[in-house]
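Here is a short briefing on how the strands and helices of this model fit together. Have the structure open as you read, and take the topics in turn.

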Amino acid sequence: SAMPMPAPPQGFGLQHRGMGAAGFGTGIGNGLSNSSNRFAAYVQGLRDTGLDVVFVIDATGSMDWVLVEVRRRVADIADATRSLVPLTRFGVVAYRDRDDPGFVVRELPLTFSLARLARFVDALRAEGGGSWQEAVDAGLEAAVNRAGWRPGAKRVVLLIGDAPPHEKDMERTLALARELARAGGEISVLDVSNDSNPALIEASLGRKVNRALYRDHPMLQYQRIAEAGGGTAATMDGDIRITRQLVSLIMGGQFSAEMSLLLEGL
(Lines give C-alpha, C1' and ligand atoms only; values in the text may rest on other atoms or scores of the structure.)
Protein backbone atom coordinates (compact mmCIF):
# COMPACT_ATOMS: atom_id res chain seq x y z
CA SER A 1 0.00 0.00 0.00
CA ALA A 2 2.83 2.44 0.88
CA MET A 3 5.17 3.70 -1.83
CA PRO A 4 8.31 1.57 -2.16
CA MET A 5 11.23 3.15 -0.32
CA PRO A 6 14.93 3.00 -1.24
CA ALA A 7 16.81 0.25 0.59
CA PRO A 8 18.39 1.16 3.94
CA PRO A 9 22.19 1.12 4.28
CA GLN A 10 23.85 -2.29 4.69
CA GLY A 11 23.48 -3.77 8.13
CA PHE A 12 21.10 -1.07 9.32
CA GLY A 13 18.51 -2.59 11.59
CA LEU A 14 17.35 -3.27 15.09
CA GLN A 15 20.44 -5.26 15.99
CA HIS A 16 22.19 -1.90 16.53
CA ARG A 17 20.76 -1.72 20.02
CA GLY A 18 23.13 0.82 21.52
CA MET A 19 22.90 3.22 18.59
CA GLY A 20 22.73 6.85 19.68
CA ALA A 21 19.89 9.07 18.49
CA ALA A 22 22.17 10.75 15.94
CA GLY A 23 23.19 7.40 14.47
CA PHE A 24 19.57 6.40 14.22
CA GLY A 25 18.66 9.67 12.55
CA THR A 26 21.46 9.52 9.99
CA GLY A 27 20.87 5.86 9.25
CA ILE A 28 17.24 6.55 8.53
CA GLY A 29 17.94 9.87 6.83
CA ASN A 30 20.52 8.46 4.41
CA GLY A 31 18.72 5.27 3.69
CA LEU A 32 15.33 6.74 2.98
CA SER A 33 13.81 9.74 1.33
CA ASN A 34 13.61 13.05 3.15
CA SER A 35 10.17 12.28 4.51
CA SER A 36 12.01 10.11 7.02
CA ASN A 37 13.76 13.10 8.53
CA ARG A 38 10.30 13.70 9.98
CA PHE A 39 10.41 10.18 11.37
CA ALA A 40 13.88 10.69 12.86
CA ALA A 41 12.72 13.95 14.44
CA TYR A 42 9.59 12.23 15.78
CA VAL A 43 11.66 9.43 17.36
CA GLN A 44 14.05 11.99 18.85
CA GLY A 45 11.05 13.79 20.38
CA LEU A 46 9.86 10.52 21.95
CA ARG A 47 13.35 9.88 23.33
CA ASP A 48 13.23 13.25 25.04
CA THR A 49 9.76 12.84 26.60
CA GLY A 50 9.51 9.08 27.02
CA LEU A 51 6.71 6.83 25.76
CA ASP A 52 3.86 5.19 27.67
CA VAL A 53 2.09 2.35 25.85
CA VAL A 54 -1.03 0.55 27.08
CA PHE A 55 -2.29 -2.55 25.27
CA VAL A 56 -6.06 -2.92 25.62
CA ILE A 57 -6.81 -6.53 24.66
CA ASP A 58 -10.06 -8.43 24.22
CA ALA A 59 -9.59 -11.59 26.34
CA THR A 60 -12.67 -13.55 25.23
CA GLY A 61 -12.50 -17.06 23.76
CA SER A 62 -12.05 -16.19 20.08
CA MET A 63 -8.91 -14.19 20.95
CA ASP A 64 -6.96 -17.25 22.12
CA TRP A 65 -4.49 -17.29 19.19
CA VAL A 66 -3.81 -13.57 19.64
CA LEU A 67 -3.05 -13.93 23.36
CA VAL A 68 -0.76 -16.89 22.63
CA GLU A 69 1.09 -14.76 20.07
CA VAL A 70 1.31 -11.74 22.42
CA ARG A 71 2.64 -13.97 25.22
CA ARG A 72 5.26 -15.39 22.90
CA ARG A 73 6.32 -12.02 21.50
CA VAL A 74 5.90 -9.57 24.36
CA ALA A 75 9.68 -9.34 24.98
CA ASP A 76 10.32 -8.77 21.24
CA ILE A 77 7.71 -6.02 21.15
CA ALA A 78 9.26 -4.31 24.18
CA ASP A 79 12.84 -4.69 22.87
CA ALA A 80 11.98 -3.39 19.41
CA THR A 81 10.17 -0.36 20.86
CA ARG A 82 12.94 0.35 23.38
CA SER A 83 15.64 0.12 20.73
CA LEU A 84 14.00 3.26 19.34
CA VAL A 85 12.75 4.85 22.57
CA PRO A 86 14.64 3.50 25.60
CA LEU A 87 12.37 5.16 28.18
CA THR A 88 9.24 3.24 27.22
CA ARG A 89 6.84 1.85 29.82
CA PHE A 90 4.15 -0.71 29.08
CA GLY A 91 0.77 -1.42 30.65
CA VAL A 92 -1.99 -3.88 29.79
CA VAL A 93 -5.77 -3.88 30.15
CA ALA A 94 -7.64 -7.10 29.39
CA TYR A 95 -11.39 -6.79 28.94
CA ARG A 96 -14.28 -9.18 28.35
CA ASP A 97 -17.94 -8.31 28.78
CA ARG A 98 -20.11 -6.96 31.57
CA ASP A 99 -21.64 -10.32 32.47
CA ASP A 100 -18.43 -12.37 32.32
CA PRO A 101 -18.03 -14.48 35.48
CA GLY A 102 -14.21 -14.20 35.36
CA PHE A 103 -13.70 -10.45 35.01
CA VAL A 104 -14.86 -7.45 33.02
CA VAL A 105 -11.49 -5.69 33.20
CA ARG A 106 -8.13 -6.80 34.53
CA GLU A 107 -5.25 -4.30 34.46
CA LEU A 108 -1.52 -3.88 34.86
CA PRO A 109 -0.63 -0.17 35.31
CA LEU A 110 2.29 1.21 33.29
CA THR A 111 5.65 -0.22 34.32
CA PHE A 112 9.29 -0.30 33.17
CA SER A 113 9.53 -3.91 34.40
CA LEU A 114 9.50 -6.42 31.57
CA ALA A 115 9.21 -9.21 34.16
CA ARG A 116 5.95 -7.76 35.52
CA LEU A 117 4.63 -7.30 31.99
CA ALA A 118 5.48 -10.89 31.02
CA ARG A 119 3.97 -12.28 34.26
CA PHE A 120 0.71 -10.41 33.69
CA VAL A 121 0.40 -11.46 30.05
CA ASP A 122 1.35 -15.08 30.87
CA ALA A 123 -1.52 -15.30 33.34
CA LEU A 124 -4.13 -14.06 30.84
CA ARG A 125 -6.47 -16.64 29.34
CA ALA A 126 -8.94 -16.14 26.50
CA GLU A 127 -12.32 -17.35 27.78
CA GLY A 128 -16.02 -16.52 27.69
CA GLY A 129 -17.66 -13.88 25.53
CA GLY A 130 -21.04 -15.29 24.55
CA SER A 131 -22.40 -12.25 22.75
CA TRP A 132 -20.70 -10.74 19.72
CA GLN A 133 -20.06 -7.29 21.19
CA GLU A 134 -17.72 -6.79 24.15
CA ALA A 135 -17.08 -4.19 26.87
CA VAL A 136 -14.55 -2.24 24.79
CA ASP A 137 -15.53 0.97 26.61
CA ALA A 138 -14.65 -0.55 30.00
CA GLY A 139 -11.22 -1.51 28.68
CA LEU A 140 -10.57 1.95 27.27
CA GLU A 141 -11.86 3.62 30.42
CA ALA A 142 -9.31 1.71 32.51
CA ALA A 143 -6.51 2.67 30.11
CA VAL A 144 -7.41 6.34 29.80
CA ASN A 145 -8.14 6.99 33.48
CA ARG A 146 -6.18 4.45 35.54
CA ALA A 147 -2.99 3.51 33.68
CA GLY A 148 -0.76 5.92 35.65
CA TRP A 149 0.48 7.99 32.70
CA ARG A 150 3.65 10.07 33.20
CA PRO A 151 3.16 13.83 32.75
CA GLY A 152 4.90 14.85 29.53
CA ALA A 153 5.33 11.34 28.11
CA LYS A 154 3.69 10.46 24.80
CA ARG A 155 0.58 8.35 25.52
CA VAL A 156 -0.34 5.52 23.18
CA VAL A 157 -3.25 3.10 23.59
CA LEU A 158 -3.37 0.05 21.33
CA LEU A 159 -6.74 -1.63 21.18
CA ILE A 160 -6.53 -5.24 19.94
CA GLY A 161 -9.81 -7.02 19.33
CA ASP A 162 -12.14 -8.87 17.00
CA ALA A 163 -15.52 -7.50 18.13
CA PRO A 164 -17.03 -4.00 18.44
CA PRO A 165 -18.35 -2.27 21.57
CA HIS A 166 -22.06 -2.65 22.37
CA GLU A 167 -24.01 -0.15 20.31
CA LYS A 168 -25.29 1.66 23.41
CA ASP A 169 -21.66 2.11 24.58
CA MET A 170 -20.27 3.42 21.28
CA GLU A 171 -20.65 7.12 22.15
CA ARG A 172 -18.94 6.61 25.50
CA THR A 173 -16.13 4.70 23.76
CA LEU A 174 -15.59 7.55 21.26
CA ALA A 175 -15.68 10.12 24.09
CA LEU A 176 -12.88 8.24 25.89
CA ALA A 177 -10.83 8.16 22.68
CA ARG A 178 -11.30 11.92 22.20
CA GLU A 179 -10.35 12.55 25.84
CA LEU A 180 -7.02 10.76 25.37
CA ALA A 181 -6.37 12.61 22.09
CA ARG A 182 -7.02 15.95 23.85
CA ALA A 183 -4.37 15.00 26.41
CA GLY A 184 -1.89 14.60 23.53
CA GLY A 185 -2.27 10.83 23.34
CA GLU A 186 -3.46 8.59 20.56
CA ILE A 187 -5.46 5.39 20.19
CA SER A 188 -4.71 2.95 17.42
CA VAL A 189 -6.68 -0.22 16.78
CA LEU A 190 -5.63 -3.61 15.43
CA ASP A 191 -8.62 -5.51 14.05
CA VAL A 192 -7.77 -9.23 14.26
CA SER A 193 -11.28 -10.45 13.33
CA ASN A 194 -11.72 -13.15 10.67
CA ASP A 195 -13.92 -10.81 8.72
CA SER A 196 -11.18 -8.24 8.33
CA ASN A 197 -8.41 -10.74 7.70
CA PRO A 198 -9.32 -13.20 4.94
CA ALA A 199 -5.61 -13.88 4.33
CA LEU A 200 -5.31 -15.31 7.85
CA ILE A 201 -8.26 -17.61 7.22
CA GLU A 202 -6.66 -18.73 3.97
CA ALA A 203 -3.43 -19.45 5.82
CA SER A 204 -5.23 -21.59 8.40
CA LEU A 205 -7.42 -23.40 5.82
CA GLY A 206 -4.61 -23.78 3.32
CA ARG A 207 -6.83 -22.61 0.45
CA LYS A 208 -8.30 -19.46 -1.06
CA VAL A 209 -11.61 -18.03 0.19
CA ASN A 210 -14.06 -15.83 -1.66
CA ARG A 211 -12.77 -12.35 -0.72
CA ALA A 212 -16.12 -10.80 -1.65
CA LEU A 213 -17.55 -12.37 1.51
CA TYR A 214 -15.05 -10.55 3.74
CA ARG A 215 -14.40 -6.98 4.76
CA ASP A 216 -10.62 -6.98 4.27
CA HIS A 217 -10.32 -3.66 6.13
CA PRO A 218 -10.88 -2.71 9.79
CA MET A 219 -14.51 -2.78 10.99
CA LEU A 220 -16.25 0.59 10.92
CA GLN A 221 -16.51 0.84 14.72
CA TYR A 222 -12.73 0.41 15.03
CA GLN A 223 -12.12 3.00 12.31
CA ARG A 224 -14.30 5.45 14.22
CA ILE A 225 -12.46 4.79 17.51
CA ALA A 226 -9.05 5.33 15.86
CA GLU A 227 -10.29 8.49 14.18
CA ALA A 228 -11.62 9.90 17.46
CA GLY A 229 -8.36 8.93 19.17
CA GLY A 230 -6.11 10.49 16.52
CA GLY A 231 -4.56 7.12 15.63
CA THR A 232 -4.69 4.45 12.93
CA ALA A 233 -6.96 1.45 12.43
CA ALA A 234 -5.16 -1.54 10.92
CA THR A 235 -5.72 -5.19 10.08
CA MET A 236 -3.14 -7.97 10.25
CA ASP A 237 -2.59 -7.33 6.54
CA GLY A 238 -2.01 -11.01 5.87
CA ASP A 239 0.81 -11.18 8.41
CA ILE A 240 0.40 -13.70 11.22
CA ARG A 241 3.25 -12.06 13.15
CA ILE A 242 1.59 -9.59 15.41
CA THR A 243 4.89 -8.04 16.56
CA ARG A 244 5.48 -5.97 13.46
CA GLN A 245 1.94 -4.66 13.39
CA LEU A 246 2.01 -3.63 17.04
CA VAL A 247 5.43 -1.96 17.03
CA SER A 248 4.48 -0.11 13.85
CA LEU A 249 1.26 1.15 15.48
CA ILE A 250 3.10 2.08 18.70
CA MET A 251 5.44 4.29 16.71
CA GLY A 252 2.56 6.00 14.94
CA GLY A 253 0.79 4.51 11.94
CA GLN A 254 1.82 7.48 9.78
CA PHE A 255 5.38 6.10 9.63
CA SER A 256 4.48 2.55 8.59
CA ALA A 257 6.81 2.63 5.56
CA GLU A 258 9.83 3.60 7.65
CA MET A 259 8.86 1.12 10.37
CA SER A 260 8.48 -1.84 8.01
CA LEU A 261 12.12 -1.40 6.97
CA LEU A 262 13.28 -1.32 10.59
CA LEU A 263 11.18 -4.36 11.48
CA GLU A 264 12.28 -6.63 8.64
CA GLY A 265 13.64 -9.22 11.05
CA LEU A 266 10.72 -9.45 13.47
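Before we look at what lies across what, note that contact here means heavy atoms within 4.5 Å. With that in hand, keep in mind that this is a predicted model. Its open sheet has 6 strands, and helix H8 (residues 220-228) lies across four of them by name: S2, S4, S5 and S6.

**The sheet**
- Reading across the open sheet of 6 strands, you will find the order S3-S2-S1-S4-S5-S6, and the pairing is mixed.
- Strand S3 (105-111) and strand S6 (230-235) form the edges, each pairing on one side only.
- From one strand to the next, the twist averages 15 degrees.
- For a parallel pair, look at strand S4 (residues 154-161) and strand S5 (residues 186-191), which are joined over 6 bridges.
- Within that pair, Leu158 stands opposite Ser188 in S5.

**Helices on the sheet**
- Helix H4 (residues 114-123) packs on the sheet, where it touches strand S2 (88-95) and S3.
- The direction of H4 makes about 170 degrees with that of S3.
- Helix H8 runs at about 155 degrees to S6.

**Helix against helix**
- Helix H3 (residues 64-84) packs with helix H9 (residues 242-250) at an angle of about 50 degrees, their axes being 9 Å apart.
- That angle makes H3 oblique to H9.
- The crossing of H3 past H9 is right-handed.
- On the H3 side, the residues that meet H9 include Val66, Val70, Arg73 and Ile77, while Ile242, Leu246 and Ile250 are among those in H9.
- The residues of this H3 and H9 contact comprise 8 nonpolar, 2 polar and 3 charged.

Conventions. Residues are numbered from 1 along each chain as its sequence is written. This is a predicted model: local features need pLDDT of at least 70, side-chain atom pairs count only at pLDDT 80 or more; totals for chains, interfaces and linings use all residues. Side-chain values use heavy atoms; hydrogens and water are left out. Two strands pair if DSSP finds at least two bridges between them. Helices (H or I, at least four residues) and strands (E, at least two) are DSSP runs, numbered from the N terminus. Axes are lines fitted to C-alpha atoms, for helices over the stretch in contact, and angles run from 0 to 180 degrees between N-to-C directions. Angles under 35 degrees count as roughly parallel, over 145 as roughly antiparallel, 65 to 115 as roughly perpendicular and the rest as oblique. A crossing is left-handed if the near helix is turned anticlockwise from the far one by less than a right angle, and right-handed if clockwise. Ala, Val, Leu, Ile, Met, Phe, Trp, Tyr, Cys and Pro count as nonpolar, Asp, Glu, Lys and Arg as charged, and the others, Gly among them, as polar.
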